[in-house]
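Let us take a walk through a protein together. Please have the sequence and the model in view as you read.

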Amino acid sequence: AEGAFRANFTNEGGYHFRYRFLKNIMGLWMIQSIRRELNGITYVVDEKAIRKGRLHQYMRVEGLGHEIDFPDLIKAADEAEAAGVVASIVNVNDDRFLAPDSMIEEICAACEESGQPVPETLGELMLCVYESLARCYRDAVEGLTALAGHGYASVNIVGGGCRDDHLNRRTAELCGLPVYAGPVEGTALGNLAVQMLADGVFPHLRAVRAAIAESFDVQKVEP
């Protein structure tokens, strides 16, 4: 339909001639890129960011004496939120964030260009990313609701990103829906499920889904 086309939704072929109504939106790529930069992986460190001192600032002020991992980034965002920081918001689906030389510099530049405060600490940077992602997910849910003509009872987050408690919580709060986080190995389980169905281990798709729900830890995050 014209509305789906304009909202950038599409139909993706899936198992057993099924179709999934799909919208590609930014996942944890921005967060992964920031982590790599802070750990000094050279192919994502832009000379412009180094000249401006922004990258060195984050590494110096927030350096933890060990390789920065995702829990460190989540903690930084949690602390900034608790301190009452008002996050700047960027369009996470902008092409500028797909493959920038420096994700940190690109986020800062986007904030600067839109007249918003430029993040000055790692916490402010991460809060900007998390709030921008969560708002993007809320907008996608609202767009889907309008196109489908009915509401939805929950949001499911699967794959490695479901372990991010900050993003799960903010997504639930902004969407006003419970978030079911898990399973972590969603892709592998899907592949395994299709093979088990073909081999007759399960009689139908509903049985597979029930087995997965019973076998793996899925966390419910209330809004």
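What follows goes from the overall make-up to the helix packing, then to the cysteines and a few backbone details.

A word before we start: what you see is a predicted model. The protein has 223 residues, of which 36% count as buried. Its secondary structure comes to 10 helices and five strands. When we take the contacts with a separation of 6 or more, 68% of them are between residues 24 or more positions apart.

A good place to begin is helix α7, residues 122-148. Three other helices will be met here through their packing against α7: α2, α5 and α6. Two packed helices are described by the angle between their axes and the distance between the axes. Those two values will guide us through each pair.

Start with helix α2, residues 29-38, which packs with α7 at an angle of about 160°, the axes being 10 Å apart. Angles over 145 degrees count as roughly antiparallel, so α2 is roughly antiparallel to α7. The crossing of α2 and α7 is right-handed. On the α2 side, the contact is made by Met 30, Ile 31, Ile 34 and Leu 38. On the α7 side, Leu 122, Leu 125, Met 126, Val 129, Tyr 130 and Leu 133 take part. Sorted by class, this contact of α2 with α7 has 10 nonpolar residues, with no polar and no charged ones.

Now turn to helix α5, residues 70-82. The axes of α5 and α7 are 7 Å apart, and the packing angle is about 95°. An angle from 65 to 115 degrees counts as roughly perpendicular, and α5 and α7 are therefore roughly perpendicular to each other. From α5, the contact draws on Leu 73, Ile 74, Ala 76, Ala 77, Ala 80 and Glu 81. From α7 come Leu 122, Gly 123, Glu 124, Met 126, Leu 127 and Tyr 130. The residues of the contact of α5 with α7 divide into nine nonpolar, one polar and two charged.

One residue of α5 is worth a pause. Is Ala 77 buried or exposed? Ala 77 is buried, with a relative accessible area of 0%. Leaving aside residues up to four places away in sequence, Ala 77 touches Gly 123, Met 126, Leu 127, Tyr 130 and His 166. The chain also brings Leu 167 into this picture: its C-alpha atom is separated from that of Ala 77 by 9.9 Å, although the two residues are 90 residues apart along the chain.

The last partner on our route is helix α6, residues 103-113. The axes of α6 and α7 come within 11 Å and cross at roughly 75°. These two helices are therefore roughly perpendicular to each other. Ile 104, Ile 107 and Cys 111 of α6 meet Leu 125, Cys 128 and Val 129 of α7. By class, the contact of α6 with α7 has six nonpolar residues, no polar and no charged ones.

That contact includes cysteines, which leads to the next topic. A disulfide is a covalent bond between the sulfur atoms of two cysteines. How many disulfides does the model have? With a cut-off of 2.5 Å between sulfur atoms, the count comes to zero. Why is Cys 108 not bonded to Cys 111? The closest cysteine sulfur to that of Cys 108 is the one in Cys 111, and at 6.6 Å it is too far for a bond. Cys 128 is in no disulfide either, the nearest cysteine sulfur, that of Cys 111, being 4.0 Å away. Cys 108 is buried, with a relative accessible area of 0%, and Cys 128 is buried with a relative accessible area of 0% too.

We finish with the backbone. Most residues other than glycine have a negative phi, and most peptide bonds are trans. Asn 8, in the loop between α1 (2-6) and β1 (10-13), has a positive phi of about 65° although it is not a glycine. Phe 17, in the loop between β1 and β2 (19-22), has a positive phi of about 60° and is not a glycine either. Phe 17 is exposed, with a relative accessible area of 77%. Finally, look at the loop between β4 (179-181) and α9 (186-198), where Pro 183 is found. A cis peptide bond joins Gly 182 and Pro 183, with omega at about 0°.

Note on methods:
Residues numbered from 1 in each chain as written. Predicted model: local features only at pLDDT ≥ 70, side-chain atom pairs only at ≥ 80, totals over all residues. Heavy atoms only, no water. Buried < 20%, exposed > 50% of the residue type's maximum accessible area, 1.4 Å probe, protein only. Axes fitted to C-alpha atoms, helices over the stretch in contact; angles between N-to-C directions. Helix = DSSP H or I, 4+ residues; strand = E, 2+ residues; numbered from the N terminus. Parallel < 35°, antiparallel > 145°, perpendicular 65-115°, else oblique. Left-handed = near helix turned anticlockwise from the far one by under 90°. Contact = heavy atoms within 4.5 Å. Nonpolar A, V, L, I, M, F, W, Y, C, P; charged D, E, K, R; others polar.
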